[in-house]
Every structure is written in C-alpha cells, then in structure tokens.
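Here is a short briefing to read alongside the structure. Take a moment to find your bearings, and then work through the topics below.

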Amino acid sequence: MGGSKPRLATPKVVEKIAQLKWEHPSMFAWEIRERLLTDRICPEDKIPSVSTNNYIQIQT
C-alpha cells in the first residue's frame with residue numbers, strides 16, 4: 001500500500017508541459033519539472049512526476 005501521493009496534472013499544467021516539449025524537444029523531464037516551478041505553474045507539493053511528464057504527448 002504505501003507509495004507517494006498521486007499528483008493531479010491539471011489542464012493548465014498539461015498544456016505547459018506540451019508547450020515546453022514542442023519548443024524544446026530535447027528537454028529532460030526533470031528540466032520540465034524545474035520550469036513548472038520557476039514559472040510558478042504549480043507549487044512544489046503539486047508538481048507532476050517525471051513519469052507523468054514523459055506520458056504527456058505533444059498535440060500535432
């Protein structure tokens with residue numbers, strides 16, 4: 001049972017992740033997490049996991 005709390009990726013967060021992936025295709029997931037924090041898209045306790053970042057696809 002344990003594990004970490006699931007973090008809900010809101011539409012705003014998903015949109016920002018997709019935008020970052022589109023603008024910087026070689027950006028690592030941990031870099032995306034840092035940008036979400038520095039751009040104040042989400043607080044540190046609500047930041048999506050690396051696996052969530054990798055799951056989000058770019059809409060083309």
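On the face of α2 that is turned away from its buried side sit the exposed residues Trp30 and Thr38. The other side of this helix carries Ala29, Ile32 and Leu36, which are the buried residues of α2. Please keep in mind that this is a predicted model.

**The two sides of α2**

- Ala29, Ile32 and Leu36 are buried, and they lie on the same side of α2 because they cover an arc of only 50 degrees around the axis.
- A general rule helps in reading such a pattern: an α-helix has 3.6 residues a turn, so residues three or four places apart point the same way.
- What do the buried residues of α2 pack against? Their partners are α1 and α3.
- Trp30 belongs to helix α2, and this residue counts as exposed because its relative accessible area is 52%, where the cut-off for exposed is over 50%.
- Just after α2 comes Arg40, which takes a positive phi of about 55 degrees.

**A nonpolar patch on the surface**

- Trp30 also takes part in a nonpolar surface patch, together with Phe28 and Val50.
- This patch has an area of about 340 Å².
- For the protein chain, the accessible surface comes to about 4800 Å², and carbon and sulfur atoms hold 56% of that surface.

**Asn53, a buried residue in α3**

- Asn53 is part of helix α3, which spans residues 50-55.
- Is Asn53 buried or exposed? With a relative accessible area of 0%, Asn53 is buried.
- Leaving aside residues up to four places away in sequence, Asn53 touches Ile17, Lys21, Ala29, Ile32, Arg33 and Pro48.
- Two of these contacts, Ala29 and Ile32, are also among the buried residues of α2.

**Salt bridges around Asp39**

- How many salt bridges does a search of the whole structure find? The search finds two.
- In one of them, Lys16 pairs with Asp39, with the closest N and O atoms 3.6 Å apart.
- Lys16 lies in helix α1 (residues 11-23) and Asp39 in the loop between α2 (29-38) and α3, so this pair ties together parts that are 23 residues apart in sequence.
- Asp39 also forms a salt bridge with Arg35, and here the closest N and O atoms are 3.4 Å apart.
- Lys16, Arg35 and Asp39 are therefore linked in a network of salt bridges, given that a salt bridge needs a side-chain nitrogen of Lys or Arg within 4 Å of a carboxyl oxygen of Asp or Glu.
- In general, side chains of opposite charge can pair when their charged atoms come close.
- The members of the network vary in exposure: Lys16 counts as buried at 14% relative accessibility, Arg35 as partly exposed at 28%, and Asp39 as partly exposed with a relative accessible area of 33%.

**The chain as a whole**

- The protein chain has three helices and zero strands, and its pattern along the sequence reads α-α-α.
- What share of the 60 residues counts as buried? The figure is 27%.
- Among contacts in the protein chain with a separation of 6 or more, 48% come from residues 24 or more positions apart.

Notes:
Residues are numbered from 1 along each chain as its sequence is written. This is a predicted model: local features need pLDDT of at least 70, side-chain atom pairs count only at pLDDT 80 or more; totals for chains, interfaces and linings use all residues. Side-chain values use heavy atoms; hydrogens and water are left out. Helices (H or I, at least four residues) and strands (E, at least two) are DSSP runs, numbered from the N terminus. Buried means under 20% relative accessible area, exposed over 50%, partly exposed in between (1.4 Å probe, protein chains only). Contact means heavy atoms within 4.5 Å. Accessible areas come from the Shrake-Rupley method with a 1.4 Å probe; for residues, only the protein chains shown count as cover. Patches are made of residues with over 30% relative accessible area and no salt bridge: like charges are joined within 9 Å, nonpolar side chains (Val, Leu, Ile, Met, Phe, Trp, Tyr) within 5 Å. The arc is that of the directions from the helix axis to the C-beta atoms.
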